[in-house]
Amino acid sequence: MPATKDRTSRNQAASRPSRPFTLWREVLTAYAAPALMAGIAGVVTGQRDLAVAACTSIAGTSAVVAFLVGTWLRHGGQPRRWTTTAPRVALTAALVIAAAGAAALLGWFTAQWLPAHTPVPATPWLERLRIDLPVSAALATTIVTLRWRSTTTASPA
């Protein structure tokens, strides 16, 4: 009897429509989730710089990337055909590589080039950007892409 109940509940869950992709909600979640998790980790481990970065570079990057990727995927309400037909893993991997690569370049530029060519001094928080930006971008891109893709395949096109 439990096997039947489990199968029935799985079928009911699959037949329920998924919550629609709402960009502002995705951006808010992209900011709040890493801010809370990294902030808690910074407080628990006594890393003040991590607690500060949690609400600035980590969560800020996640929110900006979630907004940019979500806006690009929605494409004015008419998604690009290849984004809906490409395999989910391939689409996610391509976007993660692009977003993390761009964020890594921005992190390098900010941490390395900026202090060498401007009066901005090299500080430890600038060095954090080399890791914070690409990791945040990769996570935000993955989550937003998978979330968006789950809502597009569930609705009839």
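1. Let's start inside one helix. Arg128 and Asp132 both sit in helix H6, 4 residues apart, which is about one turn of the helix. Their side chains meet in a salt bridge, with 3.2 Å from N to O. Keep in mind while you look at this pair that the model is predicted.

2. Now check how covered the acid of that pair is. Asp132 has a relative accessible area of 6%, so this residue is buried, given that buried means under 20%. Try finding Asp132 in the viewer and see what surrounds the side chain.

3. Arg128 has another partner too. Asp49 forms a salt bridge with Arg128, and here the closest N and O atoms are 3.6 Å apart. Asp49 belongs to helix H3 (residues 48–74) and Arg128 to helix H6 (residues 124–154), so this pair ties together parts that are 79 residues apart in sequence. Is Asp49 buried, partly exposed or exposed? Asp49 counts as partly exposed, at 43% relative accessibility.

4. Put those two contacts together and you get a small group: Asp49, Arg128 and Asp132 are linked in a network of salt bridges. I'd show all three side chains at once when you look at this part of the model.

5. There is another salt bridge to look at in H6. Glu127 pairs with Arg130, and their closest N and O atoms are 3.6 Å apart. The two residues both lie in helix H6, 3 residues apart, again about one turn of the helix. As for cover, Glu127 is partly exposed with a relative accessible area of 38%, and Arg130 is partly exposed as well, at 31% relative accessibility. How many salt bridges does the protein have by the rule used here? The count comes to 4 salt bridges.

6. Time to zoom out. The secondary structure comes to 6 helices and 0 strands, and reading along the sequence gives the pattern α-α-α-α-α-α. The protein has 157 residues, and buried ones make up 35% of them. So when you colour the model by secondary structure, look for helices, as the strand count is 0.

7. Next, a nonpolar spot on the outside. Which residues form the nonpolar patch on the surface? They are Leu106, Trp108, Phe109 and Trp113, and together they have about 390 Å² of accessible area. Leu106 is found in helix H5 (residues 88–117). With a relative accessible area of 48%, Leu106 is partly exposed; exposed would need over 50%.

8. Here is a space worth rotating the model for. The largest pocket has a volume of about 260 Å³. Of the 15 residues that line this pocket, the closest to its centre are Ala30, Pro34, Ser62, Leu139 and Ala140. The elements that give two or more residues to the lining are helix H2 (23–45), H3 and H6. As a bit of background, rolling a probe the size of a water molecule over the atoms shows where empty space is left.

9. Which element gives the largest share of the lining of the largest pocket? That is H6, with 8 residues. Sorted by class, the lining has 10 nonpolar, 3 polar and 2 charged residues. H6 therefore turns up twice in this note: Arg128 and Asp132 both lie in H6, and H6 also supplies the largest share of the pocket lining.

10. Now for how H2 and H3 sit relative to each other. Leu36 has its place in helix H2, while Cys55 lies in helix H3. These two are 19 residues apart along the chain, and their C-alpha atoms are separated by 8.1 Å. Cys55 can also be paired with Ala38: they are 17 residues apart along the chain, with 8.3 Å between the C-alpha atoms. On cover, Leu36 counts as exposed at 55% relative accessibility, whereas Cys55 counts as partly exposed at 42%.

11. One last pair. Met37 is also found in helix H2, and at 59% relative accessibility Met37 counts as exposed. What separates the C-alpha atoms of Met37 and Ala59? The answer is 9.8 Å, for residues that are 22 apart along the chain.

Terms used. Residues numbered from 1 in each chain as written. Predicted model: local features only at pLDDT ≥ 70, side-chain atom pairs only at ≥ 80, totals over all residues. Heavy atoms only, no water. Buried < 20%, exposed > 50% of the residue type's maximum accessible area, 1.4 Å probe, protein only. Patch = residues over 30% accessible without salt bridge, like charges linked within 9 Å, V, L, I, M, F, W, Y side chains within 5 Å. Areas by Shrake-Rupley, 256 points an atom, 1.4 Å probe, with all protein chains shown as cover. 1 Å grid on protein atoms, 1.4 Å probe; cavity = no way out; pocket = protein on both sides within 12 Å on 5 of 7 lines; lining within 4 Å. Points joined across faces, edges and corners; volume = space filled by probe spheres on them. Nonpolar A, V, L, I, M, F, W, Y, C, P; charged D, E, K, R; others polar.
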